[in-house]
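Here is a quick tour of one protein model, written for someone who likes to know the cut-offs behind each claim. Have a look at the sequence and the fold, then read on.

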Amino acid sequence: MKVNFLDLNLYHKEIEGELSDAVSRVMASGWYIMGSELEAFEEEFANYCGVEHCVGVGNGLDALRLLLLAYGIGPGDEVIVPAHTFIATWLAVSQVGAIPIPIEPDTKTYNIDPKKIEEAITLKTKAILPVHLYGQPADMDSINNIAKKHGLLVIEDAAQAQGAKYKGTRSCSLANAAATSFYPGKNLGACGDGGAVLTNSKDVAEKVRSLRNYGSLIKYQHDELGFNSRLDEIQAALLRVKLKYLDFMNESRFKIAKFYSANIRSSILTLPFVPEFADPVWHLYVVKAKFRKKLEVYLRDEGISTMIHYPTPPSYQGCYLTQSYDPQPLSEQLSEQVLSLPLYPNMPEAAVHYVVDILNQANKFIES
C-alpha cells in the first residue's frame with residue numbers, strides 16, 4: 001500500500017463545490033485585494049479564536065515580523081524563542097534587528113521549557129515568543145507568569161495550532177498577541193501563502209494594518225515605512241469556506257492520532273506526550289525514533305512517506321553560524337531522532353491501520 005504523508009486532494013474534493021463558488025464570487029466581484037472577503041474572514045477568524053482583531057497578511061513569517069514591529073521591538077532587543085522550532089520564528093526576530101535567544105525544549109512535549117526561560121532574561125529582553133509546536137499548546141500560564149514578573153510581552157507563534165486549546169481556551173488568545181500561518185499544509189490552510197495577526201489591542205491591530213499596506217491606512221497617505229503583505233481576496237474567500245470545517249477536520253486528526261497512540265507498539269519509538277492542560281490539534285504526529293535513518297528507509301520501502309520536523313536546529317543553520325550560542329543538546333537530539341508520521345484529515349482508515357501494522361513490525365527489521 002502507498003501512504004502519502006499528506007493528501008490535501010482528499011479534503012478539497014469534499015468541499016470542491018464550495019471552494020469553486022468562493023473563487024467565482026471573487027472573480028465576479030472584480031475586487032481582488034483588501035475587499036469584503038478579507039474583512040469578512042478577519043471578523044470570522046477573530047470570533048473563532050476569541051479575540052477582538054484579526055489582520056490578514058501575506059504569510060506567517062510576515063505576521064510575526066509585523067507584530068514585532070508593531071510592538072516597537074528592534075535593534076539591540078532580545079526575544080526569547082524555542083531552540084527547537086521552524087526557522088521562521090527566529091527569522092522574524094532577526095528581520096526586525098532583534099536577537100533571538102534560544103531556550104531548550106521540554107523533554108516530554110518538545111515545546112519551549114518554561115523552567116529554563118527565566119535564567120535567559122536580561123535587561124535587553126523584550127518578549128517571549130513561544131511556539132505551539134506540532135499543534136500542541138505551550139505551557140502558557142507558566143510563560144505568562146514569567147513575562148508578567150519581568151514586564152515582558154508574550155507573542156504566540158500559532159502557525160501549527162489553529163483550533164488548539166490550552167485549559168479550554170483557544171490558541172491565538174493566550175497572550176498579548178499571536179501570529180499564525182495559512183500555508184496550504186496547516187490545519188487551516190489556504191491554496192497559497194497567507195497569514196494573520198490576532199490581538200485584543202486596537203492599537204496593535206491598526207499598526208499592523210498600516211505596516212502590511214505600505215505604511216498606509218488612507219490611500220496615498222503613508223505615515224511610516226511599511227511593507228506589501230496582504231492576504232488577497234481569493235485566499236480569504238477560500239479560508240472562509242475551510243474555517244467552517246476546521247473543527248471537524250481537527251476532530252478527524254484527533255481520531256487518527258488517538259488510534260496511533262493506542263495501537264503503536266514499538267520499543268524503538270517514543271510516542272507524543274500530551275499534558276493535561278492541552279487539547280492539541282495534531283498538525284503533526286511526531287515520534288522520537290532510535291535508528292531513525294533505518295526506520296525512514298524501512299517505511300519508504302513499505303510505501304509509507306514520512307518527514308522530519310526539523311532536521312537542523314535554527315542555531316546550526318548557515319544564516320546563524322556567525323552567532324555564538326551555548327550548546328543545545330536536547331534540540332540536537334530531537335533533530336537527530338524526530339520523525340513525523342502520515343496524518344491528515346480524512347486519511348483512509350486502511351492507511352492508518354497499515355501504518356500501525358508496519359511500525360509494529362519495525363523492530364525485527366531495524367534492530368537486526
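Let's start with charge pairs: searching the whole structure turns up 15 salt bridges, a salt bridge being a side-chain nitrogen of Lys or Arg within 4 Å of a carboxyl oxygen of Asp or Glu. Before going further, some ground rules: this is a predicted model, where local features need pLDDT of at least 70 and side-chain atom pairs count only at pLDDT 80 or more, while totals for chains, interfaces and linings use all residues. Residues are numbered from 1 along each chain as its sequence is written, and side-chain values use heavy atoms, with hydrogens and water left out.

**Charge pairs**

Three of the salt bridges are worth a look, and the table gives the N to O distance for each pair.

| Positive partner | Negative partner | N to O distance |
|---|---|---|
| Arg-240 | Glu-44 | 2.8 Å |
| Arg-65 | Asp-62 | 2.7 Å |
| Lys-115 | Asp-113 | 3.3 Å |

The labels positive and negative follow the usual split, with Lys and Arg on one side and Asp and Glu on the other; His and the chain ends are not counted.

Take the salt bridge between Arg-240 and Glu-44. This pair ties together distant parts of the chain, with Arg-240 in helix H8 (residues 233-243) and Glu-44 in helix H3 (residues 36-49), 196 residues apart. Helices (H or I, at least four residues) and strands (E, at least two) are DSSP runs, numbered from the N terminus. Arg-240 has a relative accessible area of 23%, so it is partly exposed, and Glu-44 at 28% is partly exposed as well. For these labels, buried means under 20% relative accessible area, exposed over 50%, and partly exposed in between (1.4 Å probe, protein chains only).

The bridge from Arg-65 to Asp-62 is a local affair. Both residues sit in helix H4 (residues 60-70), and because they are 3 residues apart, about one helical turn separates them. Arg-65 and Asp-62 are both buried.

Lys-115 and Asp-113 make a mixed couple: Lys-115 is exposed, at 66% relative accessible area, whereas Asp-113 is buried, at 5%. Elsewhere, Arg-25, Glu-37, Glu-44 and Arg-240 are joined into one network by salt bridges that share partners.

**A lysine without a salt bridge**

What is the nearest side chain of opposite charge to Lys-288? That would be Asp-106, 9.9 Å away, and Lys-288 is buried yet has no salt bridge. Lys-288 belongs to strand E12 (residues 285-289). Leaving aside residues up to four places away in sequence, its contacts (heavy atoms within 4.5 Å) include Tyr-110, Leu-269, Thr-270, Gln-333 and Val-338.

**Strands and sheets**

Strands count as paired if DSSP finds at least two bridges between them. Strand E2 (residues 78-82) runs parallel to strand E4 (residues 125-128), with 3 bridges between them, and Val-79 faces Ala-127 of E4. E4 also pairs in parallel with strand E5 (residues 153-157), through 2 bridges; there, Ala-127 has Leu-153 as its bridge partner.

A separate topic is the open sheet of 3 strands, ordered E7-E6-E11 and paired antiparallel. Strand E7 (169-170) and strand E11 (278-279) are at the edges with a single partner strand each, so one side of each has no neighbour in the sheet. Strand E6 (residues 165-166) pairs with E11 over 2 bridges in the antiparallel sense, and Tyr-166 is opposite Ala-278 of E11.

**A buried loop glycine**

Gly-189 is in the loop between strand E8 (177-181) and strand E9 (195-199). With a relative accessibility of 1%, Gly-189 is counted as buried. Its C-alpha is 7.1 Å from that of Leu-239, although the two are 50 residues apart in sequence. Beyond residues up to four places away, Gly-189 touches Phe-182, Tyr-183, Pro-184, Leu-239 and Lys-242.

**Out on the surface**

Met-27, Tyr-32 and Ile-33 make a nonpolar surface patch of about 280 Å². Patches take residues with over 30% relative accessible area and no salt bridge, joining like charges within 9 Å and nonpolar side chains (Val, Leu, Ile, Met, Phe, Trp, Tyr) within 5 Å; accessible areas come from the Shrake-Rupley method with a 1.4 Å probe, and for residues only the protein chains shown count as cover. Met-27 lies in helix H2 (residues 16-29) and is partly exposed at 46% relative accessible area.

Lys-148, in helix H6 (residues 140-150), is exposed at 74%. From its C-alpha to that of Ser-305, 157 residues apart along the chain, is 43 Å.
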